[in-house]
Amino acid sequence: MFASRQRKQSWNRRSLRLLPCPPQPSSSSAAASYADALKRVPPSKRKAKNVSLVFAKNKETSSEEVKETLLKALAPSKIKIVIRNVKKLAKGGVAIECDSVKGTESILNEINTNQQLSNTFEAKTPAKRLPRIVIYDVDEAVQKEEFVTMLISQNEGIREQDIKSSFKLKSKKAGKFHWVIETQTKTFHSLLRRKTIFFEWHRLSIREFLRPTRCYKCNRFGHISTNCQHTETCPHCGEEGHKKPKCKNEAKCINCTEANLKYKLNHEIIHAATDPCCQSLFHETDLLITRITYGL
Ligand SMILES: [Zn+2]
Ligand SMILES: [Zn+2]
Ligand SMILES: [Zn+2]
């Protein structure tokens, strides 16, 4: 009993540090998600993917219909491109991955200059964002304005213009916060190589910060609560009409349940939507990685 509580505590600590989830012997899909997380390519080796996004101008069109029309209208052999992957997107579009920048340019060109296709579709490259780093357990007395100045004064080679402090998260340690900063790509890789930074009297641990946006109201990914179009759901069981403190139901993840129905998947669903081992979370994290520019 004691041993299992102790193990659970150490898992919580590990998940807080965004480490992969431990395998749970009782569930084969949890073990699979652990393996998935381990398979993830480290930031120092993440090469940019050549992706173009195609959306229908008519918002009613499903991603399946977009995909079918494109498969008929575009002949990769004619425009001499190699397609690596075509993925349906949740918001009614498709992502086409080519093997080269030139391939992506050809697709954009083919769709946006062809009169018939450009009337129906819009093709673009995904907007990229800078990578982020989390610095663990900074003293709560440190203010946002002085945080960056303090950071660069003790850590050689980091320039003020290359980092921007974003926000802080509560730490489990009393009087501490985790700070999240956005960095230029070179600084990002050099910080990750150091693994720790000097800050006043301490050496603080750092790690890449990868957290997909999840709505606090409906618990789905991809939007925040102020833009939520859904009814509020309980993060523990996914049902409407009550909040987590009043929940008496068994855990059921709303995202994995919906993904199973929509994409005929086999995700394990008996966990809360906030669970760090959720397979939908892994999927969203992988998508997030494709939107980050690593400069490699
Ligand atoms: Zn929502
Ligand atoms: Zn509930
Ligand atoms: Zn889940």
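Two strands count as paired if DSSP finds at least two bridges between them. The model used below is predicted.

**Exercise 1. Decide how β5 and β9 are related, and place them in their sheet.**

Step 1. Count the bridges. Strand β5 (residues 132–139) and strand β9 (residues 202–208) are joined by three bridges. The cut-off is at least two. The two strands run antiparallel.

Step 2. Pick out one bridge. Ile133 has Glu208 in β9 as its bridge partner.

Step 3. Extend to the sheet. It is open, has five strands and follows the order β6-β7-β5-β9-β8, with antiparallel pairing.

Step 4. Find the edges. β6 (163–170) and β8 (196–199) each have a single partner strand, so one side of each has no neighbour in the sheet. From one strand to the next, the twist averages 30°.

**Exercise 2. Identify the helices that contact this sheet and give their directions.**

Step 1. Take helix α6 (residues 144–154). It packs on the sheet and touches β6, β7 and β8. Its direction makes about 110° with that of β8.

Step 2. Take helix α7 (residues 185–194). It lies across β5, β6, β7, β8 and β9. Relative to β7, it runs at about 140°.

**Exercise 3. Locate the largest nonpolar core and trace which elements build it.**

Step 1. Start from the general trend. Nonpolar side chains tend to be buried together in soluble globular proteins.

Step 2. List the hubs. The largest core holds 13 residues, and Ile133, Ile135, Val138, Trp179, Ile181 and Ile206 have the most contacts inside it.

Step 3. Assign elements. β5, β7 and α7 each give two or more residues to this core. β5 supplies the largest share, four residues.

Step 4. Check one hub. Beyond four places in sequence, Ile206 is in contact with Ile133, Val134, Ile135, Leu191, Lys195, Thr196 and Ile197.

Step 5. Look elsewhere. Another core, of 11 residues, lies apart from the largest one; its members include Leu70, Cys98, Phe121 and Ala123.

**Exercise 4. Work out which face of β4 is covered, and find its partner strand.**

Step 1. Split the strand by face. In β4 (residues 121–124), Phe121 and Ala123 make up the covered face. Glu122 and Lys124 make up the uncovered one.

Step 2. Link to the core. Phe121 and Ala123 both belong to the core of 11 residues.

Step 3. Find the partner. Strand β1 (residues 50–56) pairs with β4 over four bridges, in the antiparallel sense. Leu53 stands opposite Lys124.

**Exercise 5. Judge where the model's confidence is low.**

Step 1. Get the overall values. The mean pLDDT is 85, and 86% of residues reach 70 or more.

Step 2. Find the extremes among the elements. Helix α1 (residues 2–16) has the lowest mean pLDDT, 41, and strand β7 (residues 176–183) the highest, 96.

Step 3. Mark the weak stretches. Residues 1–20 have pLDDT below 50, and the stretch makes 11 contacts beyond near neighbours in sequence. Residues 23–31 stay under 50 too, with 12 contacts beyond four places in sequence.

**Exercise 6. Describe the backbone of the annotated spans.**

Step 1. Read the record. An unreviewed UniProt entry lists "domain: CCHC-type" at residues 214–228 and 234–249.

Step 2. Examine residues 214–228. This span is 0% helix and 0% strand, with its end C-alpha atoms 10 Å apart.

Step 3. Examine residues 234–249. Here too the chain is 0% helix and 0% strand, and the end C-alpha atoms lie 10 Å apart.

Conventions
Residues are numbered from 1 along each chain as its sequence is written. Chains are lettered from A and ligands numbered from 1 in the order in which they are written. This is a predicted model: local features need pLDDT of at least 70, side-chain atom pairs count only at pLDDT 80 or more; totals for chains, interfaces and linings use all residues. UniProt positions are given in the numbering used here, feature names are shortened, and annotations may be inferred rather than shown by experiment. pLDDT is the predictor's confidence in each residue, from 0 to 100. Two residues are in contact if their C-beta atoms, placed from the backbone, lie within 7 Å. Axes are lines fitted to C-alpha atoms, for helices over the stretch in contact, and angles run from 0 to 180 degrees between N-to-C directions. A residue is buried if 20 or more other C-beta atoms lie within 10 Å of its own, exposed if 12 or fewer, and partly exposed in between; C-beta atoms are placed from the backbone. A nonpolar core is a set of buried Ala, Val, Leu, Ile, Met, Phe, Trp, Tyr and Cys residues joined through C-beta atoms within 7 Å.
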